[in-house]
Amino acid sequence: MITAPRMALLALTVAASSLLHAGEHVGDFALIDHNGYQHNMVWYDDHDAVVILPQAVGLTDQAALTALQALHGQYADQGVVFFLLNPGLQSDRQAVADAVSGVGLPVLMDDAQLVSQALGLTQMDQAVVYDPTTFEVVYRGPVQQELEQTLRRLKAGESVDLQEIAVQGSRIEYGGAEGATLSYVNDIAPIIADNCAECHRSGGIAPFAMDSKLAVQGWSPMIREVVMTRRMPPGQIDNKVGHKIKNEMNLSDEDKQKLVRWVDAGASIAGANEDPLTELVWSDTKWKMGTPDLIVKVPAQTIPATGVVDYMDIPIDLGLTEDRWVKGSEVAPGSPEVLHHIITTVVPPEGQLDPQTAFIQAINSLPEERAQAIRAQMFAAMAAGEQPDIDRIFRENPDIDVGVLLGGGDADQASVAGYAPGNSVSWNPDGVGGLLRAGSGLNLQMHYTTSGMEMTDETEIGIYFYPEGEVPAERMSGGVGNAFTISIPPQAKDHEMELVTYVPADAEIRSLMPHMHFRGKRMKFIAQYPDGSEELLLSVPAYSFNWQLSHELAEPLRVPAGTRIVAQGAFDNSAQNRFNPDPDTEVNWGEQSWDEMFMGFYEWKLVSQVD
């Protein structure tokens, strides 16, 4: 328990240190709000200030809230951002939403209490003014004229010293262990071993190793930064909503507390006579699922020491002379230090359809009356010298088989594993499989990153077959949603889009995967059922193009025919997006990473396997 006297002592220490520093350095941080949107403070470095006031159900200081709302009305359009912050006192977002109904401010959910503590919040009527350009707190106290004076000085570009004013509100209780009581051996090393070491080791994909107590201690400031900003572990979801995800990579709130508080207390390794990280043993067997029946050798690729490596599209001839039913597949990266991801597409013996033919086949997959109406609409547009509105066609006909456009129209066709760190195996349940026909091939989209040393990657793909003559009774299938019309304005921070994919028959949903490019910001998936009800399946509040992850449900979700999977997301085409190649250009649909896509990939198994 973090005691009140200790917090008071911290506040006195901060007040004394303000004589030497303009503000109290907190660093960047990121939190998800009660509506499910993630906010990184660095996104607001084009603003003058961020104002934050604690909120909790039944404990919010109403006088402070009223005063904050008045300031919000005055300064919200003048470069000042306003938030409420729940300091880990409730995690029920619906209860929080009900409590702030009509307030008009997002509530940052600090379930681990780390941001509240870093901001020095001790009482419910205590607001802070945070400078997003320096990551410093420059005011801590009541919502009164001194706070507004601080805002005016920041807006005027003046240097502002930390000002603290006493408050009288209810105290904020902080739970969990204090940093000084944490043991490297018993508390810290197990978290690193379970969540970080697979990549952060010699020969791993990460840029540095954390394979000893000295390494972890040396990298401790970076550990704090990436935990506070939710950058690591990668591919995080919003695990407080939606369905449980089997391959979730999030740290628990308790583990986050331990890591950050241990770092803040000095990252001590005193008394650590043993080192669990040095005892970790990594398998030298490249195949997790055993020796494959077919090993596909990807042509060797030499990756330079530095620079940006263009995406590679590599065709592979499997050399199959007979049809084989696939049980599963696995990617064994040759140089995981540089191999970032692989997206694998099965190419049938006759090759992939050209886009125009594939589109016509997709239209023809509809009932004839609707297909005829679409053909007439397209003919009228072309006769008028205009381009057909393709996006409208897909929007109004969400049951179009987009999979046909991507070469997945054959219900029997197998899929083969792709690769991202932590995701290298595709394995079907017993009795489920797909067919690789004789003459089939693969197309690999391969993405490499440089590591400071020239390396040669010799990746292999292993495919596991059912015994000859055994035909699995069931097939895995799925759907693809793709918005073909995208128009993101220059400097748009939060350009929202929505995409609907239709489930044609009763099915068990197994996995969901968002796909956007550099400007992708977030995406969530909602199931809308024929009876009018709906539920959130998955939320990825901070999408990263660098981590192309498929999120597997812990338990398959059975949905009825006619279910609509709605993908809702947004793009950040502003200068605040550090991955943005050019914030001053309008961005449209395209296959290159500097263009954009808005796609959802879904894996499901039809309940009825007839035909």
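This text goes through a predicted model, taking up its nonpolar cores, one of its sheets and one of its pockets.

The largest nonpolar core is made of 50 residues. Those with the most contacts inside this core are F29, L119, Y130, Y184, I192, V216 and W262. Several elements each supply two or more of its residues: strand 4 (49–54), strand 5 (80–86), strand 7 (127–131), helix 4 (114–118), helix 6 (184–195), helix 8 (220–228) and helix 9 (253–264). Helix 6 gives the largest share of this core, with six residues.

F29 can serve as a way into this core. When neighbours within four places in sequence are left aside, the contacts of F29 are H39, N40, M41, I52, V115, L119, Y130, M228 and T229. L119 and Y130 also belong, with F29, to the residues that have the most contacts inside the core. Apart from the largest core lies another, of 32 residues, and I488, M497, A507 and I565 are among them.

The next subject is a sheet. Four strands form this open sheet, in the order 22-27-24-25, and their pairing is antiparallel. Which strands stand at the edges? They are strand 22 (495–502) and strand 25 (534–540). Each has a single partner strand, so one side of each is left without a neighbour in the sheet. From one strand to the next, the twist averages 20°.

The partner of strand 22 is strand 27 (residues 564–571), and eight bridges join this antiparallel pair. Within the pair, T501 stands opposite I565 of strand 27. I565 is also one of the residues of the 32-residue core.

The last subject is the second largest pocket. The space in this pocket comes to about 580 Å³. Its lining consists of 27 residues, of which R201, K286, K288, P333 and P336 are the closest to the centre. Among the elements, strand 13 (residues 324–332) gives the most to the lining, with three residues.

K288, one of the residues closest to the pocket centre, is placed in the loop between helix 9 and strand 10 (294–297). Is K288 buried or exposed? With a relative accessible area of 55%, K288 is exposed, because exposed means over 50%. Leaving aside neighbours within four places in sequence, K288 is in contact with E198, E330, S424 and V425. S424 is 136 residues from K288 along the chain, and 9.3 Å separates the C-alpha atoms of the two.

How values were computed. Residues are numbered from 1 along each chain as its sequence is written. This is a predicted model: local features need pLDDT of at least 70, side-chain atom pairs count only at pLDDT 80 or more; totals for chains, interfaces and linings use all residues. Side-chain values use heavy atoms; hydrogens and water are left out. A nonpolar core is a set of buried Ala, Val, Leu, Ile, Met, Phe, Trp, Tyr and Cys residues joined through side-chain atoms within 4.5 Å. Buried means under 20% relative accessible area, exposed over 50%, partly exposed in between (1.4 Å probe, protein chains only). Contact means heavy atoms within 4.5 Å. Two strands pair if DSSP finds at least two bridges between them. Axes are lines fitted to C-alpha atoms, for helices over the stretch in contact, and angles run from 0 to 180 degrees between N-to-C directions. On a 1 Å grid over the protein atoms alone, a cavity is a set of points where a 1.4 Å probe fits but cannot get out, and a pocket is an open set with protein on both sides within 12 Å along at least five of seven lines; lining residues have an atom within 4 Å of a point. Grid points are joined across faces, edges and corners, and a volume is the space filled by probe spheres set on the points.
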